[in-house]
There are 2 protein chains.
Amino acid sequence: MPDPSPPITIANFQRLIREMYLEKDLARGVDGTFMWLMEEVGELAGALRSGTHEERLGEFADVLAWLATIANVVGIDLTEAVTRKYGTGCPGCGQLVCVCADAEKP
Amino acid sequence: MPDPSPPITIANFQRLIREMYLEKDLARGVDGTFMWLMEEVGELAGALRSGTHEERLGEFADVLAWLATIANVVGIDLTEAVTRKYGTGCPGCGQLVCVCADAEKP
């Protein structure tokens, strides 16, 4: 079955979340927003342990949304973030397919 | 200053992380991988409290990477996840600019 979801860039998702929530996010601030992220991370843990595929979809989306929200509050461009860190291979070993020792990060 | 980072889709980022780490991720499993996510979330908290812009960029990237890794392990398409939940506006109120009460999620 082909993926029914059209491509969305990281930048467009971050912009969508900004348009939806930035006013509230700024009023709440980083600390309050981080608390929401933590709540969603907990819900993701629950969905990973005992949730359905549908529930997991929702929880992954929520964690991504709260992460984008915090990035918006502190002026981080998520595209720049991931491109710098992972755009040229594993930051540990520099290979596209990581060959770092298992005990090492990542 | 124009953004120097070329657009990257959520799907391409998830695929990049899959190619880089899937073999290790599958061996580690969901629980072990989630522990790494938590470590990175802690480092993000530290960078938000007292880190530089550069350090924050790195920590946001790492949290996104570990989230993508867990999604790969459990077969979740992050594009599908965010499109379903946020593609038609705030899941709470249905508006593009959220009008949910402040005490409500999100």
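## Across the interface

Let's start where the two chains meet: between chain B and chain A there are 12 residue pairs in polar contact, with both partners at pLDDT 80 or more. On the chain B side, α1 (10-50), α2 (53-74) and α3 (78-86) each bring at least two residues to the surface that touches chain A. The top contributor there is α1(B), which gives 20 residues. Keep in mind that this is a predicted model.

As for how much of each chain takes part, the contact draws 68 residues from chain B and 68 residues from chain A. Together the two chains bury about 5,900 Å², and 70% of that is on carbon and sulfur atoms. If you want names to look for, try K24(B), F60(B) and Y86(B): they supply 11% of the area chain B buries against chain A, more than any other three residues.

## Salt bridges

Side chains of opposite charge can pair when their charged atoms come close. Counting over all chains, the structure has 8 salt bridges, and 4 salt bridges run across the interface of chain B and chain A.

One of the salt bridges pairs D62(A) with K85(B), and their closest N and O atoms are 2.8 Å apart. D62(A) sits in helix α2 (residues 53-74) of chain A while K85(B) belongs to helix α3 of chain B, so this pair joins two chains. With the chain letters swapped, you'll find K85(A) in a salt bridge with D62(B), again with 2.8 Å between the closest N and O atoms.

## How the copies are related

Two copies of a chain are related by a rotation about an axis and a shift along it. Here, a turn of 180 degrees and a shift of 0.0 Å along the axis lay chain B on chain A with an RMSD of 0.0 Å. That is what a two-fold axis does. Looking for the axis in chain B? The C-alpha nearest to it is that of T9(B), at 1.8 Å. Both copies use the same surface, too: 100% of the contact residues of chain B turn up again in chain A.

## The bent helix

Now have a look at helix α1 (residues 10-50) of chain A. If it were straight, its 41 residues would span 60 Å at 1.5 Å a residue, but its end C-alpha atoms are only 28 Å apart. Follow α1(A) along and you come to a kink of about 105 degrees, centred on G29(A).

Note on methods. Residues numbered from 1 in each chain as written. Chains lettered and ligands numbered in written order. Heavy atoms only, no water. Least-squares fit on C-alpha atoms with pLDDT ≥ 70 in both. Contact = heavy atoms within 4.5 Å. Helix = DSSP H or I, 4+ residues; strand = E, 2+ residues; numbered from the N terminus. Expected span 1.5 Å × (residues − 1). Bend = angle between axes of the 7 residues up to and from the residue. Buried area = accessible area lost by both parts, 1.4 Å probe. Salt bridge = Lys/Arg side-chain N within 4 Å of Asp/Glu carboxyl O. Polar contact = N/O pair within 3.5 Å; in protein donor to acceptor, adjacent residues only side chain to side chain.
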